[in-house]
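The following exercises concern one protein chain. Each task is followed by a solution that proceeds in steps.

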Amino acid sequence: MRLTSKLVAAVGLSTVLAATAACSGAGGAGGVGGGGGGASDNSINVLMVNNPQMLALQKHIGEFTKESGITVNFTVKPENDMRNQASQEFANQSGQFDVATLSNFEVPFYSKNGWLTALDDIPAYKADTSFNQADIFPSMTKSLTGPDGKLYGEPFYGESSFLMYRKDIADKVGVKFNETPTWDEVAAAAAKMDGAESGMKGICLRGLPGWGEVFAPLTTVVNTFGGTWFDKDWNAQVNAQPFKDATTFYTDLVKAHGEAGAAQAGFAECLTATTQSKVAMWYDATSAAGSLEAPDSPVKGKMAYVQAPVKETKASGWLYAWSWMIEKKSTKADNAWKFISWASSQKYEELVGAQDGWATVPAGKRESTYKNADYIKAAEAFAEPTRKAIESADPTNPGVQPRPTIGIQFVDIPEFTDFATKISQDVSSVIAGKKTVDEALDNGQKLAQAAGDKYKGK
């Protein structure tokens, strides 16, 4: 939920970052062969987040058009902008787009509101004998299934979160990690690694405002510290002691040993800091490992990967799937499915593996990927830790107490994006030294409770 990346190698790290910046500046509208508008009977319009995986997909889309005769017109935007446009598009059902990159966060309420086309209702899906739905990780299929039991999307790639660290730096300063370290151990390691090389800080943690930026990793820390956004009766717990302890720990750690400019650092900035050896550790999405181990990555072969740090829980990694979903208004559901089937297929992974390198395939979604000898060889450092993290993630029970709804790094209600983003701005101000944790969370408690009150007694 953020600019995650695994296919940086497809076009090179510097090229991807430049392309991402270009998309961010211009809104990224465009299509195969130029032009993002005008739909013929054999074309579909796709609204897509501008992360490196999707940029690489554009490079390969000609193969799909050659096979199917279907032209794909892409509109590519940064995550926050894409989400805003997608929410308006799907709510209004204007029919401008056939497919959008959404996630397991949106499925429950988008499907309930009648904004999505159930895949089970599409003739092309029913007739597709090659996709192999059973090969998709059960946790992913479950997370993309609506309350009505129907499937509404397919993952392009799936991810959890884990700790990435420079094994050479750890050896240099005498740090050793268990397979599942504690956050106290990570903090101690960050202090030792800080300054191990000139200009190197101990750890990178997101501080950029956004419900999917700073609050993606921070909410997992809240969970494992014993906190929660809401108790089972929708009483907000934002300024309760466990939430406060977790936020204090996180902000203190990044202020003491984190990256430069942490209050404005998100996924993309931490990826750059890690590849440029400006930080020794990074806690973030498992999908980042493909970029760190890409053929042109300066830190390829220098990294090690362990499970998300814990405190009071056995596991704390998140679960997220950038996924393809079809707008209910679309009149081209069959062609939309054909695109989704191709983009999320084992065949597409093999195409990427052959042309761009196996470490860069959009993984984290298919069992077969983790049985593929070529992939395992190329992704040896992170394949198994990634699979374990995804399989260990439990959206229904991520903490130490009952929750009113599902979600690990988010609360699965539409109001979450608004109040969590507002609270994240105050948390970023804490990191910047402009507010205290108490000030940020006391204000956040009011915002969260206003949302929780809507659900009490339902």
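The buried residues of α10 pack against α9 (183-193), α11, β6 (281-285) and α18 (416-431); here helices (H or I, at least four residues) and strands (E, at least two) are DSSP runs, numbered from the N terminus. The model is a predicted one, in which local features need pLDDT of at least 70, side-chain atom pairs count only at pLDDT 80 or more, and totals for chains, interfaces and linings use all residues. Residues are numbered from 1 along each chain as its sequence is written, and side-chain values use heavy atoms, with hydrogens and water left out.

**Exercise 1. Helix α10**

Determine which residues of α10 are buried.

Solution.
- Step 1. Apply the cut-offs: buried means under 20% relative accessible area, exposed over 50%, and partly exposed in between (1.4 Å probe, protein chains only).
- Step 2. List the residues that qualify: F215, A216, P217, L218, T219, T220, V221, V222, N223 and T224. Ten of the ten residues of α10 are thus buried, and the helix is mostly covered.
- Step 3. Inspect what comes after the helix: α10 is followed by G226, which has a positive phi near 95°.

**Exercise 2. The surroundings of T228**

Locate T228 and identify the residues with which it is in contact.

Solution.
- Step 1. T228 lies in the loop between α10 (215-224) and α11 (241-257).
- Step 2. Its relative accessible area is 6%, so T228 is buried.
- Step 3. Contact means heavy atoms within 4.5 Å. When neighbours within four places in sequence are set aside, T228 is in contact with V222, Q237, F243, Q401 and R403.
- Step 4. A polar contact is a pair of N or O atoms within 3.5 Å; within protein, one must be able to donate a hydrogen and the other to accept it, and residues adjacent in sequence count only if both atoms are side-chain atoms. The side chain of T228 makes such a contact with the side chain of R403 at 3.3 Å, and the T228 side chain also reaches the backbone oxygen of F230 at 2.9 Å.

**Exercise 3. The disulfide**

Find which cysteines form a disulfide and state where they lie.

Solution.
- Step 1. A disulfide is taken as a pair of cysteine sulfur atoms within 2.5 Å. The count under this rule is one disulfide.
- Step 2. The pair is C204 and C270, with sulfur atoms 2.2 Å apart.
- Step 3. The link of C204 and C270 is left-handed, with -85° about the S-S bond. It joins distant parts of the chain, 66 residues apart: C204 is in the loop between α9 and α10, and C270 is in helix α12 (residues 267-275).
- Step 4. C204 is buried at a relative accessible area of 0%, and C270 is likewise buried at 0%.

**Exercise 4. Strand β5**

Establish how β5 is enclosed and which strands it is joined to.

Solution.
- Step 1. Strand β5 (residues 161-166) is largely enclosed by the rest of the structure, because six of its six residues are buried.
- Step 2. Separate the two faces: S161, L163 and Y165 point one way, F162, M164 and R166 the other way, and all are buried.
- Step 3. Two strands pair if DSSP finds at least two bridges between them. Five bridges join β5 to β6, and these strands run antiparallel; five bridges also join β5 to strand β7 (residues 303-307), again antiparallel.
- Step 4. Follow L163: its bridge partner in β6 is Y283, and in β7 it stands opposite V306.
- Step 5. Note that β5 is also among the elements covering the buried residues of α17, together with α7 (138-143), β4 (154-159), β7 and α16 (373-378). In α17 (residues 383-392), the buried residues are A383, P385, T386, R387, A389 and I390.

**Exercise 5. Cavities and the largest pocket**

Describe the largest cavity and the largest pocket, with their linings.

Solution.
- Step 1. On a 1 Å grid over the protein atoms alone, a cavity is a set of points where a 1.4 Å probe fits but cannot get out, and a pocket is an open set with protein on both sides within 12 Å along at least five of seven lines; lining residues have an atom within 4 Å of a point. Grid points are joined across faces, edges and corners, and a volume is the space filled by probe spheres set on the points.
- Step 2. The whole structure holds two cavities of 30 Å³ or more, and the largest has a volume of about 90 Å³. Of its 13 lining residues, T228, W229, R403, F410 and V411 lie nearest the centre.
- Step 3. The largest pocket has about 620 Å³ of space. Its lining comprises 26 residues, of which F105, F109, I413, P414 and T417 are closest to the centre.
- Step 4. The elements giving two or more residues to this lining are α4 (79-92), α5 (107-112) and α18. The largest share, five residues, comes from α4.
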